Amino acid sequence: MGGDKLIPDRLHGELTDRAISVIHAFSEMIITLEAHFDRRLDPDRLARAVELVFDAEPVLGCRFVHQDWRPYWERLPRPIDDAFLVAADDASFEAFACEPLDQSRGPQLQACLWPAPDGDRLLVKLSHYVADAGAVKEAIEQLAAIYRRLATDPRHAPEPNLAGSRSMSQV
């Protein structure tokens, strides 16, 4: 946990969470971003950055609990084992890309690094329950900032965003 703020075990669901859960019946609710690098990334530092992004943006480290009138987000115990993996080859990287993201199991962000022969490839999947395309860019920026910061400050702990809005009023 970053800073002095406690991250609650539950976060309130929004009206949009209920709406998206209805839409989810007809489509996969995942937004992905793939990045190619001309250099090697540090997989241990990247794994730590993924874990810390769950503190920076707490809803990313939660599972969605669907209750008809009061859905909520429940924080997952740390560490989250399947949030980050290193692919052995192109086939396992593609298999990760095709796997659905289970919002009710969590987390809402997963990442896979493939140290490809022509440069590292990083695939990040985010649940559409918690992010639109703009929020995906913000989450990736947050992940990159934490990754860079860990290079010079391995004990870095980001301040949790406890005041962030995910309601339609933000839009």
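**Note on alanine 83, the nonpolar cores and the second largest pocket**

1. Alanine 83 sits in the loop that joins strand E4 (72–75) to strand E5 (84–86). The model is a predicted one. The relative accessibility of alanine 83 is 1%, so this residue counts as buried, the cut-off being under 20%.

2. What does alanine 83 touch, once its neighbours within four places in sequence are left aside? Its contacts are Val50, Phe54, Pro107, Leu109, Gln110 and Ala111. For one of these, proline 107, the C-alpha to C-alpha distance from alanine 83 is 6.7 Å, while the two are 24 residues apart in sequence.

3. Val50, Phe54 and Leu109 are also among the residues with the most contacts inside the largest nonpolar core. The others named for that are Leu60, Trp73, Val124 and Leu126, and the core has 36 residues. Elements supplying at least two residues each to this core include helix H2 (43–56), strand E3 (62–65), strand E6 (109–116), E7 and H4. As a general point, nonpolar side chains in soluble globular proteins tend to be buried together.

4. Valine 124 can be followed further. Neighbours within four places in sequence aside, valine 124 is in contact with Ile31, Thr32, Leu33, Leu109, Gln110, Ala111, Ile140 and Leu143. Leu109, Gln110 and Ala111 appear in the contact list of alanine 83 as well. Apart from the largest core lies another core, of seven residues, including Ala87, Cys112, Trp114 and Leu123.

5. Cysteine 112, one of the residues of that other core, has 0% relative accessibility and therefore counts as buried. Cysteine 98, at 65%, counts as exposed because the cut-off for that class is over 50%. How many disulfides does a search of the whole structure find? The number is zero.

6. The second largest pocket has a volume of about 200 Å³. Strand E2 (30–36), strand E7 (119–127) and helix H4 (133–152) are the elements that each give two or more residues to its lining. Which of the elements gives the largest share of that lining? H4 does, with five residues.

7. The lining of the second largest pocket consists of Leu33, Ala35, Phe37, Leu41, Leu46, Leu122, Val124, Ile140, Leu143, Ala144, Tyr147 and Arg148. By class, 11 of these residues are nonpolar, none is polar and one is charged. Val124 is thus listed here and among the residues with the most contacts inside the largest nonpolar core. Leu33, Ile140 and Leu143, also in the lining, are contacts of valine 124.

Conventions:
Residues numbered from 1 in each chain as written. Predicted model: local features only at pLDDT ≥ 70, side-chain atom pairs only at ≥ 80, totals over all residues. Heavy atoms only, no water. 1 Å grid on protein atoms, 1.4 Å probe; cavity = no way out; pocket = protein on both sides within 12 Å on 5 of 7 lines; lining within 4 Å. Points joined across faces, edges and corners; volume = space filled by probe spheres on them. Helix = DSSP H or I, 4+ residues; strand = E, 2+ residues; numbered from the N terminus. Nonpolar A, V, L, I, M, F, W, Y, C, P; charged D, E, K, R; others polar. Buried < 20%, exposed > 50% of the residue type's maximum accessible area, 1.4 Å probe, protein only. Contact = heavy atoms within 4.5 Å. Core = buried A, V, L, I, M, F, W, Y, C linked by side-chain atoms within 4.5 Å. Disulfide = S-S within 2.5 Å.
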